[in-house]
Amino acid sequence: MTYTPAGQGFLAESEALQTAANSHMPKQVSALDSIKSLLTGRQVPGEGFGKVSGSQTASSGHQTNVQDGAQRLRDAMKRLSDWIGGVNDSDDAYRQNDQQRAQQTDDIAQPVRVAQNAGPTSQNGYPVDPPRSSRTVPGTGVRLNVANGDAGDVLVHVADEFNRRVENIDQNAPTGEADDWGYAHRNVRGSSTTISNHASGTAIDLNAGSHPRGVPVANTFTPAQIDEIHNIVNETGGVVRWGGDYQHAPVDGMHFEIVGTPDQVAAYAQQLRNAQQHQQPAQ
Ligand SMILES: [Zn+2]
């Protein structure tokens, strides 16, 4: 004889509940197993029971017992289901809270990160597109757009020394165009990945028209001028490099760039300020 076990629907539901319970409350799983055993033990339908017992009253009574038991089980499962739902909701709330906290941590950390490293840096490690200003090289009409602060101070000093000791930078190119440059947002020439130090306002080109990149410096400077340029960069203690000294890239006689660390550059800038104070007449 074929019959539908009275508890089949509940068994299916209890499977789903058990799956949920497994991930949220392992200790409840054994309790749920007990419920299933109980249900399985009662799956003989009232009609079958009546036939076995031969009593309509017994059959009806058993049917009522099964129905009552099923109802209690349904209520219990509803509570269990609600409870698991509540656990899920709590999990979501915790997850959301965690995400919010992580976001807040990021927000707090952001200014620190910006201060330490504002995104892309140029070849020498200085931040690209820094705060910068057009600065006039003393005694000339030349203005150089360089990074604010120590790096810019040092570069303007180098331009000043170059102008007084090596070559007048007011002369401009043979074409009459201004040919002294500072900041420019671009990559190193010939590279698609390395950002030029001009992009961080930490490089300058002086008399570019007279000293093109790739042309041997001996062709455009006298030996005495080259010696004097070396004196100037040596005075910086190595925080400035001359493109004319490049060993592994095309020589760049017009080009000077910061290669010292910010601390080293700050120390040299301070040294320059101190020297300047000494030069000022006593009040
Ligand atoms: Zn350059």
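The expected span of a helix is taken as 1.5 Å times one less than its number of residues. In this predicted model, helix H5 (150-165) comprises 16 residues and extends 22 Å from its first C-alpha to its last, close to the 22 Å expected at 1.5 Å a residue.

Helix H5 is mostly covered, with twelve of its 16 residues buried. The buried set includes the run from Asp150 to Ala159, among them Asp153, Val154, Leu155 and His157; Phe162 and Asn163 are buried as well.

The helix also contributes to the largest nonpolar core, which has 32 residues. Within this core, Val154, Leu155, Ala159 and Ile258 have the most contacts. Two or more core residues are given by each of strand S2 (143-147), helix H5, strand S3 (203-205), helix H7 (223-235), strand S4 (240-242), strand S5 (255-258) and helix H8 (262-279). Helix H5 supplies the largest share, seven residues. In soluble globular proteins, nonpolar side chains tend to be buried together.

The surroundings of valine 154 were examined further. Leaving aside neighbours within four places in sequence, valine 154 is in contact with Thr236, Val239, Val240, Ile258, Val265, Tyr268 and Ala269.

A contrasting position is found at proline 138, in the loop between strand S1 (132-136) and S2. Proline 138 is classed as exposed because 12 other C-beta atoms lie within 10 Å, the cut-off for exposure being 12 or fewer. Proline 138 and alanine 159 are separated by 21 residues in sequence, with a C-alpha to C-alpha distance of 8.9 Å. Alanine 159, for its part, belongs to the buried residues of H5.

How values were computed: Residues are numbered from 1 along each chain as its sequence is written. This is a predicted model: local features need pLDDT of at least 70, side-chain atom pairs count only at pLDDT 80 or more; totals for chains, interfaces and linings use all residues. A nonpolar core is a set of buried Ala, Val, Leu, Ile, Met, Phe, Trp, Tyr and Cys residues joined through C-beta atoms within 7 Å. A residue is buried if 20 or more other C-beta atoms lie within 10 Å of its own, exposed if 12 or fewer, and partly exposed in between; C-beta atoms are placed from the backbone. Helices (H or I, at least four residues) and strands (E, at least two) are DSSP runs, numbered from the N terminus. Two residues are in contact if their C-beta atoms, placed from the backbone, lie within 7 Å.
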